[in-house]
Number of protein chains: 2
Amino acid sequence: MPASIGDVAEHAGVSVATVSRALRGLPNVAPSTRARVLEAAARLGYVADARAAGLASGRTRTIGVAVPLIGPWFFSQVLAGVEAVVTDRDLDLLVLTVDDDAGRQRLASGARLRGRVDGVIAVDVALTEEQRATLAANDLPAVLVGLRGEDLPCVLVDNVEVGRTATEHLLSLGHTRIGLVGHARDDPLRFSVPEERRRGYHEALAAAGIEPDPRLELDGNFSIPGGAEAAEALLALPEPPTAILAMSDEMAFGCLRLARQRGLAVPGDLSVVGVDDHDVAAAWDLTTVSQPVQGMGEQAAELLLAVIDAGATAPAHLTVPSRLRVRGTTGPAKADRTPSRSTQDAIT
Amino acid sequence: MPASIGDVAEHAGVSVATVSRALRGLPNVAPSTRARVLEAAARLGYVADARAAGLASGRTRTIGVAVPLIGPWFFSQVLAGVEAVVTDRDLDLLVLTVDDDAGRQRLASGARLRGRVDGVIAVDVALTEEQRATLAANDLPAVLVGLRGEDLPCVLVDNVEVGRTATEHLLSLGHTRIGLVGHARDDPLRFSVPEERRRGYHEALAAAGIEPDPRLELDGNFSIPGGAEAAEALLALPEPPTAILAMSDEMAFGCLRLARQRGLAVPGDLSVVGVDDHDVAAAWDLTTVSQPVQGMGEQAAELLLAVIDAGATAPAHLTVPSRLRVRGTTGPAKADRTPSRSTQDAIT
DNA sequence: GTGAAAGCGCTAACAA
DNA sequence: TTGTTAGCGCTTTCAC
């Protein structure tokens with residue numbers, strides 16, 4: 001049975017109101033009184049019950065983050081970013097995974113979050129148009145990361161630019177057959193990231209006068225094995241690509257693994273570019289388009305806290321910069337690759 | 001202003017007690033009454049306030065996880081494991097970072113957690129003996145992951161075995177000069193993992209009749225850059241090692257990067273073995289000692305829930321298995337490496 | 001099967 | 001500067 005505020009009051013010989021004030025550092029408490037209260041609280045090991053404090057004050061001092069998954073690099077980095085600012089403000093962090101429509105509905109309606117958090121950050125949560133509206137209409141302050149929502153503050157990357165930048169880099173190296181490894185969602189209207197990156201890829205190809213070849217665009221499931229499988233399928237094509245743009249570094253790692261298994265030189269036989277700038281990317285010497293993932297979490301948290309503190313403001317749409325980082329996995333396209341390959345085959 | 005239980009009661013024409021019972025699925029509610037209540041609740045979009053429910057019931061339906069950091073792979077995987085079982089039981093997850101002594105003290109004393117969680121899992125939190133005792137004496141159910149605590153339930157890996165297994169593998173390949181890249185904590189009594197792995201390394205060397213060379217044991221900070229730096233220093237030794245045991249895969253990645261930069265063949269010139277079986281390890285073909293990281297999180301959560309549900313039980317100490325996974329970064333030691341190197345130098 | 005009422009432990013007006 | 005008191009919104013006896 002932990003000590004309650006009444007116990008402290010009794011021991012300090014003051015009222016509970018004074019204990020509350022003294023412990024929260026409010027003004028209008030005599031220094032001597034405050035000292036006595038602090039002493040009594042310390043002696044009793046008193047800590048205010050968060051539920052009771054929250055119930056009475058209307059606040060929870062907790063902010064929620066909704067992610068589809070916790071384990072993958074991207075989400076763990078966003079979480080770390082949010083955590084940094086949340087901890088800095090002496091708030092707590094509630095993490096919830098939202099990976100199905102029931103979860104999205106609960107999130108949008110505010111169910112399960114009432115009395116738990118003062119606001120929520122939804123990271124790559126593929127809400128329907130209607131759910132977004134519900135969330136916005138909700139009394140719960142919310143910020144979106146990764147996906148757009150008109151009437152809500154968002155932290156976004158220009159994913160069309162991401163796709164275009166990476167593709168232009170490969171084009172500039174002379175590649176003309178460029179594989180695209182991404183993710184085919186059931187509903188691209190909701191999880192729009194792959195679709196936008198693909199658009200950038202198409203734009204860059206078009207600008208170079210290259211006709212996109214649908215056979216070069218494969219699903220990689222945003223995972224390492226998925227990337228490997230996609231690369232395998234691409235390389236099995238009659239006219240395989242000389243370069244691959246993977247929509248995440250993890251898929252790029254899968255491509256690199258497959259290339260190594262096939263004995264292909266990178267970038268000699270195959271160039272690979274990723275997206276993210278994963279911690280491991282530099283160690284792997286992977287060319288990639290970086291995004292400030294942790295920074296996105298921080299920005300989202302700042303945005304959310306501003307909404308919570310200031311009440312409703314105009315929903316800010318923040319676009320964070322991406323940047324091409326050229327490293328060792330991309331290089332010039334061979335003038336003629338197929339011949340040299342035939343030669344190899346002949347030798348074998 | 002969200003609807004309260006009173007509003008629902010009014011709309012359904014029953015008392016608040018009945019609403020509470022009906023909504024929580026308790027028995028002793030007439031089906032027709034329950035239906036009316038559910039209908040009213042749905043119409044009003046009613047959700048019980050978690051603070052009020054918690055205050056009245058004494059429970060929070062939330063469990064806490066304390067980690068030193070959120071971003072690194074190991075912690076994000078443990079979190080994912082915990083999250084899986086927590087979500088399964090329809091509980092919430094509060095994440096807090098504890099990375100300094102003030103934080104450890106707060107955690108041990110239960111401060112900041114009162115009224116927030118029903119129990120806490122501390123992952124690799126380097127508590128002092130005294131703090132562990134405080135935590136154990138606390139009314140807050142707690143489970144430790146990674147570090148031992150006599151009077152608390154723990155989920156552990158046999159880290160001596162981890163070090164021994166990895167070292168024996170290298171010895172069996174003929175390596176005799178084996179570098180060790182780990183972490184030098186101020187107080188190895190508190191964060192004992194590196195010390196234990198080092199012990200296993202020493203044991204294996206001793207069993208092979210090899211005298212340990214302190215110059216071969218370096219700090220790698222459990223990070224990729226740290227691993228690279230350590231590898232650099234090791235390779236700069238007059239008699240460089242032919243193999244490196246890195247205490248984490250991330251440090252092993254750093255070693256591999258450095259090796260590649262130096263133009264060293266792996267495993268031809270240098271063998272590298274890690275610990276963890278990081279997602280990326282397989283893609284990199286890294287030999288490593290795997291531990292069921294996500295599983296450790298799950299086990300810890302199960303243990304904690306058992307303590308919460310069943311009250312105080314004998315503190316279980318669970319040891320999860322580690323396993324050597326031989327892949328491509330380890331190979332036979334060259335018979336004589338130094339000579340061939342001199343030749344190279346001469347040519348250059 | 002249902003309701004009345006007493007808290008849960010705190011904060012925030014309002015008095016003094 | 002300090003105390004009194006009325007909630008915050010729910011759960012939980014205890015009656016009926």
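This is a walk through a structure with two protein chains and two DNA strands, starting with how the chains relate and ending with a few unusual spots.

First, some housekeeping: this is a predicted model, in which local features need pLDDT of at least 70, side-chain atom pairs count only at pLDDT 80 or more, and totals for chains, interfaces and linings use all residues. Residues are numbered from 1 along each chain as its sequence is written, while chains are lettered from A and ligands numbered from 1 in the order in which they are written.

Let's begin with the two protein chains. Take chain B, turn it by 180 degrees with a shift of 0.1 Å along the axis, and it can be laid on chain A with an RMSD of 0.2 Å (the superposition is by least squares on the C-alpha atoms of residues with pLDDT of at least 70 in both copies). That is the relation of a two-fold axis. The same surface also serves both copies, since 100% of the contact residues of chain B recur in chain A. Here, two residues are in contact if their C-beta atoms, placed from the backbone, lie within 7 Å.

What does that contact look like? It takes 39 residues from chain A and 39 residues from chain B. On the chain B side, the elements giving two or more residues are α4, α5 (73-88), β2 (92-97), α11 (249-261) and α12 (279-284). These names come from DSSP runs, numbered from the N terminus: helices are H or I runs of at least four residues, and strands are E runs of at least two. By class, that side of chain B has 17 nonpolar, 12 polar and 10 charged residues. For this count, Ala, Val, Leu, Ile, Met, Phe, Trp, Tyr, Cys and Pro are nonpolar, Asp, Glu, Lys and Arg are charged, and the others, Gly among them, are polar.

Strands meet across the two chains as well. Strand β2 (residues 92-97) of chain A and β2(B) pair in the antiparallel sense over three bridges, where pairing takes at least two bridges found by DSSP between the strands. In β2(B), B:L93 is the bridge partner of A:V95.

Now for the DNA. Around strand C there are 25 residues, the closest being A:I5, A:S20, A:A52, A:A56 and B:A17; a residue is near a strand if its C-beta atom, placed from the backbone, lies within 6 Å of it. Around strand D there are 24, and the closest are A:A17, B:I5, B:S20, B:A52 and B:A56. For strand D, α2 (16-23) and α4 (50-57) of both chain A and chain B each supply at least two residues. For strand C, α2 and α4 of both chains likewise each supply at least two. The biggest giver to the surface near strand C is α4(A), with five residues, and near strand D it is α4(B), with five residues. The surface near strand C has 16 nonpolar, seven polar and two charged residues, and the one near strand D has 15 nonpolar, seven polar and two charged.

Time to look inside. The largest nonpolar core has 96 residues, and A:I121 and B:I121 touch the most other members. Such a core is a set of buried Ala, Val, Leu, Ile, Met, Phe, Trp, Tyr and Cys residues joined through C-beta atoms within 7 Å. A residue is buried if 20 or more other C-beta atoms lie within 10 Å of its own, exposed if 12 or fewer, and partly exposed in between, with C-beta atoms placed from the backbone. Leaving out residues up to four places away in sequence, A:I121 touches A:V65, A:V82, A:V143, A:V145, A:A300, A:A301 and A:L304. Apart from this core lies another, of 81 residues, among them A:A231, A:L256, A:A259 and B:I178.

Strand β9 (residues 271-276) of chain B is mostly covered, with six of its six residues buried. B:S271, B:V273 and B:V275 point one way, and B:V272, B:G274 and B:D276 the other. Strand β8 (residues 243-246) of chain B pairs with β9(B) in the parallel sense over three bridges, and B:I244 stands opposite B:V272.

Finally, the unusual spots. B:D276, in β9 of chain B, has a positive phi of about 140 degrees although it is not a glycine. A cis peptide bond joins A:V266 and A:P267, with omega about 10 degrees, and the bond from B:V266 to B:P267 is cis too, with omega near 5 degrees.
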